[in-house]
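Work through the exercises below with the sequence and the model open. Each task is followed by a solution in steps.

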Amino acid sequence: MPVDIDIAKVAKLARIALTDDELDQYGHQLEDILEHAERVQALPTEGIEPTSHPMPMVNGFRRDEVGECLDPDSFLSQAPDTRDGQFRVPRILGE
Amino acid sequence: MTDLADLTIARAASGLRTGEFTAADLLEAVMRRATMTEAQLHAYLTLDHEGAATAAEEADRAFAAGQDHGLLQGIPIALKDNMCTRGVETTASSKILSGWVPPYDATAVARLRAAGAVITGKTNMDEFAMGSSTENSAFGETRNPWDTDRVPGGSSGGSAVAVAAGSAFGAFGSDTGGSIRQPAALTGVVGMKPTYGLVSRYGLIAFASSLDQIGPFARTVEDVVLLLEAVAGFDALDSTSIDEPTPGFGDALRTGVEGVRVGVVTELMGEGIDPEVRAAVQATVDRLADAGAAVGEVSLPSSEHALSAYYLIAPAECSSNLARFDGVRYGHRSSIEGTTEDMMSHSRAEGFGPEVIRRILLGTYALSAGYYDAFYGQAQKVRTLVRRDFEEAYADYDVLVSPTSPTTAFPVGERAQDPLAMYLSDVCTIPSNLSGDPSISVPVGVDADGLPVGFQIMAPALGEQVLFQVAAEVERLVDFQDRARLATSDEVKP
């Protein structure tokens, strides 16, 4: 069964700015891959529980204690733009 | 005399303790080997000459003072570039992280440092571990030391090549769908994926969190055991870490395979497997039978769907994990004018390579409204089916075996433009990632082109003992002595 993807919408959701040519190319590649992946839909899975994690585990808990923290400069110095000890970004709203 | 760079870790550890040579000598030997081979191989992205020299000095001082932190003290070890190393650039082979210097060590890295290991540098990989050839690196591909026109496999290709070529005694990589075992097979070394949760993932740059696992590369099974023992065990910083004491694995190496039940996986020995690979695997199975193993055939009927399920689950998890690369806190920021959202979308388009973009898009689609149940939900159910197949197989067998890779090393460029053909490289290794079970690749021969063939052994969760038991016996029976051309050529041998 051929797969039809609204690739521009997917790229927007993924926050990746692509040109029309790139959208076209990725769209075709994804359709090919998904056609292969669609085989999983043919399998009888009624009543089968999904596995989200390979090991049967419950949440791990630890004491809520203050531990050692990184020196803020060690990561702020890696950021593209900072001011007053905070990460800085361009304006949030459009024109 | 043998070049020191060619010694096993076990042999080097013993020489360090008898005073035959120093940690500084071992480091000099691997750095000399790197100088001779890197122009052709490009196993490393970063060689940390200074940090390694300091660590080697510390190890030698510790030996002189009678302090012994274990068998890795003074041993040069390479790390895949997705493992965070404090003060040493870590990029996961992506432009988006170019120049990033982690403020902390991954838990596995911290444990290696505490054990006195000498970290030589950071190895090349497919960007964010997405690939099977190490061609997807933003900083140029790694070549195979057996034939430099061929790929080394991937995604941990640089780590495999460093060990095969002698520019490290051992190395660590990460395995999400075969990224340790497949390059180990293609470069003629031993590579192992531990049980999911045995080695902490804290500080490993995440690709697909329910599949990723850190594991070792070395030239012998015994060396792989030494490396694993140094990093395994509970870590409160990783919520999926297994909270149980980790046994030593060394005793398993000398017990033989008398009475061990070995199941050959039918689906992984048929169509799509190169005849020479199949023959080498079958010959190894015959040797195991001669050595007293109880050999039979076993079916994993869902394994043919494992690949399809994997290529929905892994991209879905990656699309979520890689959302953090947005040009705000670290990494590349686009200089485009506009809003924060424009900045993010352009930073990601400029920073990610094509395979990473392909998988983020695929994962975003598989998780989006209206498609979740049909793709991601169904893939997770197939994962349950794969696990059931394994459970049934392990009722009758102690270990399962197969080829590690359907083919030996393929030519550079051959599959680069064909994502599906590349994905098929992982058909034998993916089932163990979906089930979370341990698995190892051991070299067992070469094909007509002189390229190594890997033999895969799989065991149930936390079945590392029997995995190493069979792997060590395979190693002994096959006695694989071939070495990569670039580790044995005249320029390299003294």
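**Exercise 1. Place B:Ala59: which helix holds it, is it buried or exposed, and what does it contact?**

Step 1. B:Ala59 is found in helix H3 of chain B, residues 49-64. Helices are DSSP runs of H or I with at least four residues, strands are runs of E with at least two, and both are numbered from the N terminus.

Step 2. Count neighbours. B:Ala59 has 27 other C-beta atoms within 10 Å, so it is buried. The scale: buried means 20 or more other C-beta atoms within 10 Å of the residue's own, exposed means 12 or fewer, partly exposed is in between, and C-beta atoms are placed from the backbone.

Step 3. List contacts, leaving aside neighbours within four places in sequence. B:Ala59 is in contact with B:Ala23, B:Gln73, B:Gly74, B:Gly116 and B:Val118. Contact means C-beta atoms, placed from the backbone, within 7 Å.

Step 4. Check a distant pair. B:Ala59 and B:Val224 are 165 residues apart in sequence and 21 Å apart in space, C-alpha to C-alpha.

A note on the source. This is a predicted model, where local features need pLDDT of at least 70, side-chain atom pairs count only at pLDDT 80 or more, and totals for chains, interfaces and linings use all residues. Residues are numbered from 1 along each chain as its sequence is written, while chains are lettered from A and ligands numbered from 1 in the order in which they are written.

**Exercise 2. Find the order of the strands in the open sheet of chain B, and the edges.**

Step 1. Eleven strands of chain B line up as E1-E3-E2-E4-E6-E5-E10-E11-E9-E7-E8, with mixed pairing. Two strands pair if DSSP finds at least two bridges between them.

Step 2. E1 (44-47) and E8 (294-298) of chain B are the edge strands; each has a single partner, so one side of each lacks a neighbour in the sheet. From one strand to the next, the twist averages 30°.

Step 3. Take the E1 end. E1(B) and E3(B) are antiparallel over three bridges. B:Tyr44 has B:Thr123 in E3(B) as its bridge partner.

Step 4. Move inward. Five bridges join E2(B), residues 76-80, to E3(B), residues 118-123, and these two run parallel. B:Pro76 stands opposite B:Val118.

Step 5. Test burial. In E2(B), five of the five residues are buried, so the strand is largely enclosed by the rest of the structure. B:Pro76, B:Ala78 and B:Lys80 point one way, B:Ile77 and B:Leu79 the other. E3(B) is mostly covered too, with six of its six residues buried.

Step 6. Look at E5 (190-193) and E6 (213-218) of chain B. They pair in the antiparallel sense over two bridges. B:Gly191 is matched with B:Phe217 in E6(B).

**Exercise 3. Which strands do helices H7 and H8 of chain B lie across?**

Step 1. H7(B), residues 221-231, lies across E4, E5, E6 and E10 of chain B, at about 145° to E6(B). Such angles run from 0 to 180 degrees between N-to-C directions, with axes fitted to C-alpha atoms, for helices over the stretch in contact.

Step 2. H8(B), residues 275-290, lies across E7, E8, E9, E10 and E11 of chain B, at about 150° to E9(B).

Step 3. Check H7(B) for burial: eleven of its eleven residues are buried. Just after this helix, B:Gly233 takes a positive phi of about 120°.

**Exercise 4. How many residues of chain A are in contact with chain B, and which helices of chain A supply them?**

Step 1. The count is 45 residues of chain A against 57 residues of chain B.

Step 2. H1 (7-13), H2 (20-37) and H3 (72-76) of chain A each supply at least two residues of the chain A side. H2(A) gives the largest share, seven residues.

Step 3. That side divides into 28 nonpolar, eleven polar and six charged residues. Here Ala, Val, Leu, Ile, Met, Phe, Trp, Tyr, Cys and Pro count as nonpolar, Asp, Glu, Lys and Arg as charged, and the others, Gly among them, as polar.

Step 4. Zoom in on A:Pro90, in the segment after strand E2 (86-87) of chain A. A:Pro90 touches B:Gly338, B:Thr339, B:Thr340 and B:Met343, not counting residues up to four places away in sequence. A:Pro90 is partly exposed, with 17 other C-beta atoms within 10 Å.

Step 5. Turn to H11(B), residues 354-367. Ten of its 14 residues are buried. Their cover includes H1 and H2 of chain A, together with H9 (303-321) and H12 (373-396) of chain B.

How values were computed: Two residues are in contact if their C-beta atoms, placed from the backbone, lie within 7 Å.
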